[in-house]
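Hi everyone, thanks for making the time. I'd like to walk you through one structure today, so please have it open while I talk.

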Amino acid sequence: MTGPTAACALSTMLLALACFAGALPATGAALSPEQVFARVSPAVVTVRTFDDQGAEIAQGSGVVVAPEQVATNCHVLRESSLIRVETAATGAAVGVDKEGKAGAPALASRWTRSDATRDVCLLSVDGLRARPVALRKADSLVVGERVLAIGNALGFGLSASAGLIVATQMADGNARLVTSAAVSPGSSGGGLFDLEGRLIGLTTAILGTGQRLNLVLSADGVDQLQVRGQLPAPANAVPGPEPRWLADGDALTVAADWQGLEAHARRWIGSQPTSAPARVVLARALSETGRREEAAAALDAALELDPHYANGWDQKALLLDGQGNRSAARAALVRSLELMPGGATPRRIEAHWLLQARRLQEAREVALLAVRLDAGNAGGWSMLGAIDDALGRHADAARAYRVALRLGQQDPELQQKLARSLAQQGKSDDARTGAVPQGSSLSQAQTWHTIGSGELARGRLGPAQEAFRKALELAPELSPAWNGLGTTLTRLDRLADAEKAYDKALQFDPRNVEARANRANVRRGLGQPAAALEDARQATSEAPREAHAWRVYGIVSIEQRNYPEAVIAFGKVDELESSTPDDLASLGESLAAVGQLPEALATLRRAEKQDPKLPRLQIIIAKVLGNSGDTAGALGYLERAVAAEPSNAVAWSSKGYALMRLGRLPEAADALETAVRLAPDLVNAWVNLGETRMRQGKLGRAIEALEKAVALNPEALDGRLYLAQSYLGSRQAAKAREQSTAVLARMPDQPAGLGILTMAYLMEGNETAAAQPYARLRAIDPNAARTLKAQATRAGLSLATRLPD
């Protein structure tokens, strides 16, 4: 056997994923109804069912959707002992009983899978040669689109009827279509096709003869029936006991089997359509698989069925919080507590929120209440342990984790938390031997990783590095251990080695967001800004609620002077309620840089309340006040910054600049001399010192400082302007002209540069050359041009009188 059919025979799992390679291809262009019928009718079959006495029970239609696979309506097959499939092309009939044994003439056919909630079933017909049709998803359909229904209407053989898509509906997450194409008895399970020959859905019901509207089940999910469909019930089976819906759902939740939980919830809804708990369980499964809109719809349906179901409000609170709507989430939690004042679940949720917000003492009080209300819930004890860990109460945390483990929460993550708490108490041996049972290399590696994390949290970099390396000896693919090693190497200032460790972490787990954010930070330190920014952007894209990723993104953006993106990044950190005073300082600095001074100052005041002695914060507040015109207020903050950190050259430079602006030149010069002694490569300090000396009339010392600034940074255009002005003041016209020309090469319409260049040419007696920059200055700022002419005339430059007014 060769071709697509052979490939599909490799396994049933491959069927849903690969068999459609042999489907009839869409043409890409609309066909006539006659062409559509000719193209797809070989794939539309007649389905007949018989009882165990051989009497015909029902007749319907079906569509070949994969090699040897026919989709039809389940109601056509119910109560049947024998199923016969007839093709329009050959008229051949094949049949077999439900067990696939007796009564099979030439070709084997059996009912293999079903989706009872949608009334869609799958038949397997061995040897069926018809090519499968291509499928089209419902969300691409347009109301008013022309369609063709094909089936065995009334048992007279295949027939076609044209019509339109009248409406599309969603019911319990499934798409249903309404068409005006005529559907008659016997067409159940037949196909509705678009004008490219793609299957849109299976015709199933007539909605009313008066309006000639008919219901169609969307083809969505038909290609997944072989994998996800249910097995048909055996004939004459004795009904089993009612499933333990809630208990089985809890077991699937603990196992984090979200696909299994979704299937379980849908079966539950099929059995008990008015069950609010069933829809809440479905919402949990949908939410965990990222389908939040569907989850919200399921929760709304649950609370409409039973608005007093407290657990439904708990799940709604979690869903709203996941969508970033914390205020609405709190309202939902309040409703849950109103309905069940003694509920422990809403307290656990609230404790988690308080932990996220770092309101740790409040979180602990709420978590203690939760465990008092429901002492047998392992999740409550685990939450209490996490809060105690965050508070540094590692012994209490270890006790809480042990209770959770005794109550049956045996997941590896909890065992690792216990190991970390023991390691943070310095009980590394207990963590290694007591927290996690000795077993596989992976479990031992995870223990060593946990010990390394504990040592790292205590600042013990040597033992931390040793523990991470032991973890990687046991499990070289353990991405978190590579990340831990990278963090340790970063703190040891071994940035190149740290980058390699983060590379390994991402090689084994490309979605390790922490490692990606950490690598961005290291690449920033290695002078790779573009790579750092790319890592930071990807980290925030993959984990938009991860504050660390946004923080690194903001830091990289500030260093590249990309302040608009820095505002977004640190704004996200603040929105996630994870801002430190340093984060707020960065946000305020970025807001000021984009001209939002009032917002910047308000943000910086918030940071000041949290840490009024942070030197960096005081410097930024001073800068914002200075830009707002409050130089005296700025000076007060700078004096505090210098007092708190006397070796901070930036603080001394900023203080000197403020003193210069206030006209206190000797004090300014002293402060700036201190700044350049502390940091000889601080360009701004040299520029400020040069301007101060120039204002004092000490041109030689001004030139000396400004030449140093320009040598350190040739792009320091303010330094070049002051240097040009100092050269001009000392009658060094050629040097003044050189510096002003360099500025104008970057900023052709810079008024000060044009004025200095004009004066330099006048000093050299070059009237023709002076006329050009003067004309440009006059066009840009006529007042500045007149002032320049007057100054040049007073300075005795006679050629200035010939310049136009």
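Let's begin with strand β1, residues 44–50, in what is a predicted model. Seven of its seven residues are buried, so β1 is largely enclosed by the rest of the structure. If you look at where the side chains go, Val-44, Thr-46, Arg-48 and Phe-50 point one way, while Val-45, Val-47 and Thr-49 point the other way. Residues on both sides of the strand are buried, and that includes Arg-48.

Who are the neighbours of β1? One is strand β2, residues 56–66, which pairs with β1 in the antiparallel sense over seven bridges. If you'd like a spot to click on, Phe-50 has Glu-56 of β2 as its bridge partner. The hairpin made by β1 and β2 has five residues between the strands, and in that hairpin Gly-54 takes a positive phi near 90 degrees. Another neighbour is strand β4, residues 82–87, which runs antiparallel to β1 and is joined to it by six bridges. Here you can pick out Val-45, whose bridge partner in β4 is Thr-87.

Let's move along to another strand, β10, which covers residues 174–179. This one is mostly covered, with five of its six residues buried. Strand β13, residues 213–218, runs antiparallel to β10, and four bridges join the two. Across that pairing, Val-178 stands opposite Leu-215 of β13.

Now for the aromatics. How many aromatic pairs does a search of the whole structure find? The number is two. Take Trp-245 and Trp-268 to begin with: their ring centres are 5.9 Å apart and their planes are at 5 degrees, so this pair is stacked. Trp-245 sits in helix α6, residues 245–254, and Trp-268 in helix α7, residues 258–271, so the pair ties together parts that are 23 residues apart in sequence. And are these two tryptophans, Trp-245 and Trp-268, buried or exposed? Trp-245 is buried, and Trp-268 is buried as well.

The other pair is Trp-550 with Tyr-553. Their ring centres are 5.9 Å apart and the planes are at 20 degrees, so this pair is stacked too. The setting is a single helix this time: Trp-550 and Tyr-553 both lie in α24, residues 547–559. They are three residues apart, about one turn of the helix. Both Trp-550 and Tyr-553 are buried.

While we're on rings, have a look at Tyr-637. Arg-640 lies over its face, at 4.2 Å from the ring centre.

Next, helix packing. Helix α26, residues 581–593, and helix α27, residues 597–610, have axes that come within 8 Å and cross at roughly 165 degrees. That angle makes α26 roughly antiparallel to α27. The crossing of α26 and α27 is left-handed. Staying in α26, you'll find Ala-585 there. Its relative accessibility is 0%, so Ala-585 counts as buried. Ala-585 is also 33 residues from Gln-618 in sequence, with the two C-alpha atoms 9.0 Å apart in space.

A second helix pair to look at is α29, residues 631–644, with α30, residues 649–661. Their axes come within 9 Å and cross at roughly 150 degrees. Therefore α29 and α30 are roughly antiparallel to each other. This crossing of α29 and α30 is left-handed.

Last topic: backbone angles. As background, most residues other than glycine have a negative phi. With that in mind, look at Arg-358, which is not a glycine and yet has a positive phi of about 65 degrees. Where is Arg-358 placed? You'll find Arg-358 in the loop between α12, 345–356, and α13, 360–373. Its relative accessibility is 52%, so Arg-358 counts as exposed.

Then scroll along to Arg-731, which has a positive phi of about 65 degrees although it is not a glycine. Arg-731 belongs to the loop between α34, 717–729, and α35, 733–746. With a relative accessible area of 52%, Arg-731 is exposed.

That's my tour. Thanks for listening, and I'm happy to go back to any of these spots with you.

Definitions and conventions:
Residues numbered from 1 in each chain as written. Predicted model: local features only at pLDDT ≥ 70, side-chain atom pairs only at ≥ 80, totals over all residues. Heavy atoms only, no water. Buried < 20%, exposed > 50% of the residue type's maximum accessible area, 1.4 Å probe, protein only. Pairing = 2+ DSSP bridges. Phe/Tyr/Trp six-rings, centres within 6.5 Å; stacked < 30°, edge-to-face > 60°. Lys NZ or Arg CZ within 6 Å of the ring centre and 35° of its normal. Axes fitted to C-alpha atoms, helices over the stretch in contact; angles between N-to-C directions. Parallel < 35°, antiparallel > 145°, perpendicular 65-115°, else oblique. Left-handed = near helix turned anticlockwise from the far one by under 90°.
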